Amino acid sequence: MEFVCRWREESPFSKRVVRLADATVLDWFRRGWDCADPDEWIASELGGDVYGLESVFEEAQERRLPKPESVDELRSLLHEYLWVEGDEGFIRLDEHGLRVRTDDDEVDLAYYFLEDPAPDRVAYLLHDTWPLPGDATDAEADAVYSVRISWEHIGTGTNLDLTGAVVFPGVSLPDLAGHLDDLDGDDRRDVRLLRDLVRPGDDGIGPAMERYLWLAGYHPVPGTTRDTLPLASRLAVRPHIAQVARYIDNFFGFDQWFLFDTRWAAAHPDLARSLLRYAAHWDPYET
């Protein structure tokens, strides 16, 4: 079973991935049900803090609750005693595992215990080595996808009220910079930002992505540049995928921006589909 925490992590992908020996969510919770120190046990098992997860173990000890004997019993206990900021739809336990959404008063976060890691849904979620692979097929590219994963609140929502990728049809990534001149009236946020970052004479999209690295703050605006580039920031540009992990500060960590075309997606279909899903749904199993 795999555990993932999608939060303000030190990883360039802003997530923590841990492989667990337990086969099921029920097995893991039963094993830790009577732990002496829930915070310490969770940190040792899951590689660090998981916001709010200790609450169900603390309640179990305070109320002397017996270990759950079934998934249905565990689900009832989680809905009753697991602390989350949100309604019962933010705790989802089923045949795929457990998915939880909450917030830490600054940003929304989600964590996952995955029993059924379907690659087309979770390949990106489970990928924890920077960067994503850069090879592509020889097929003709017919669209570019922009996936920007940030801490910004979108409209009236939060950073996990997601709007999905921006699609640039009829273009390949090597031609995207020049194509932006044809989108002068396009007001989508990624399009506006890309137009502001591209300069005349740029050779491809790489220089614009490097300029993005230099922007300051969790709400990046062209012109708000830093004096020095943090060493933690990451940039990887290949012909059919450009990827940035922009280090913000020691509170937010990173945000990410991926631009890839259908030639890259054809070479990595599970990564591409799951990345697009990651940009649209906090729960990879949401339909």
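Is E69 buried or exposed? E69 is exposed, at 57% relative accessible area. The points below concern a predicted model.

1. **The R30–E69 pair.** The side chains of R30 and E69 form a salt bridge, with an N to O distance of 3.4 Å. This pair joins distant parts of the chain, 39 residues apart. R30 sits in helix α1 (residues 25-32). E69 sits in the loop between α3 (54-63) and α4 (71-81). R30 is partly exposed, with a relative accessible area of 26%, whereas E69 is exposed.

2. **A pair within α3.** E59 and R63 also meet in a salt bridge, at 2.6 Å from N to O. Both residues belong to helix α3, 4 residues apart, so about one helical turn separates them. E59 is partly exposed at 22% relative accessibility. R63 is partly exposed too, at 47%.

3. **A buried pair.** D108 and R101 are joined by a salt bridge of 2.8 Å, N to O. Here D108 is buried, with a relative accessible area of 9%. R101 is buried as well, at 6%.

4. **Network and total.** Salt bridges link R92, D94, R99, D283 and E286 in a network. The count for the model comes to 22 salt bridges.

5. **The largest nonpolar core.** This core has 38 residues. Which of them touch the most other members? They are W28, F29, L53 and F113. Several elements give two or more residues to this core. The helices are α1, α2 (38-46), α3 and α4. The strands are β1 (2-6), β3 (91-94), β4 (97-103) and β5 (108-114).

6. **F113 in its surroundings.** Neighbours within four places in sequence are set aside here. F113 then contacts M1, E2 and F3. Its other contacts include L20, V25, W28, L46 and L53. H96, G97 and L98 are also in contact with F113.

7. **Another core.** Apart from the largest core lies another one, of 31 residues. L125, L126, A236 and F258 are among its members.

8. **Helix α2.** Which residues of α2 are buried? They are P38, W41, I42, E45 and L46. Viewed down the axis of α2, these buried residues fall within an arc of 100 degrees, so they line one face of the helix. E40 and S44, on the other side of α2, are exposed. The cover over the buried residues includes β1, β2, α1, α3 and β5.

9. **Ends of α2.** D37 caps the N-terminal end of α2. A side-chain oxygen of D37 lies 3.2 Å from the backbone nitrogen of D39. Just after α2, G47 has a positive phi of about 75 degrees.

10. **Helix α8.** In α8 (residues 206-213), the buried residues are G206, A208, M209, Y212 and L213. Seen down the axis of α8, they fall within an arc of 160 degrees, so these residues line one face of the helix. They pack against helix α7 (189-197) and strand β6 (143-149). Strands β8 (234-238), β9 (241-249) and β10 (253-261) are also packed against.

11. **Cysteines.** How many disulfides are there? The count is 0. C5 is in no disulfide, and its nearest cysteine sulfur, that of C35, is 17 Å away. A disulfide would need the two sulfur atoms within 2.5 Å. C5 is buried, with a relative accessible area of 0%. C35 is in no disulfide either; the nearest cysteine sulfur is that of C5. C35 is buried, at 9% relative accessible area.

12. **E9.** This residue lies in the loop between β1 and β2 (15-19). Is E9 buried or exposed? E9 counts as buried, at 12% relative accessibility. The side chain of E9 makes a polar contact with the side chain of R16, at 2.9 Å. Leaving aside neighbours within four places in sequence, E9 is in contact with S14, K15 and R16. G253 and F254 are also in contact with E9.

Terms used:
Residues numbered from 1 in each chain as written. Predicted model: local features only at pLDDT ≥ 70, side-chain atom pairs only at ≥ 80, totals over all residues. Heavy atoms only, no water. Salt bridge = Lys/Arg side-chain N within 4 Å of Asp/Glu carboxyl O. Buried < 20%, exposed > 50% of the residue type's maximum accessible area, 1.4 Å probe, protein only. Core = buried A, V, L, I, M, F, W, Y, C linked by side-chain atoms within 4.5 Å. Contact = heavy atoms within 4.5 Å. Arc of directions from axis to C-beta. Polar contact = N/O pair within 3.5 Å; in protein donor to acceptor, adjacent residues only side chain to side chain.
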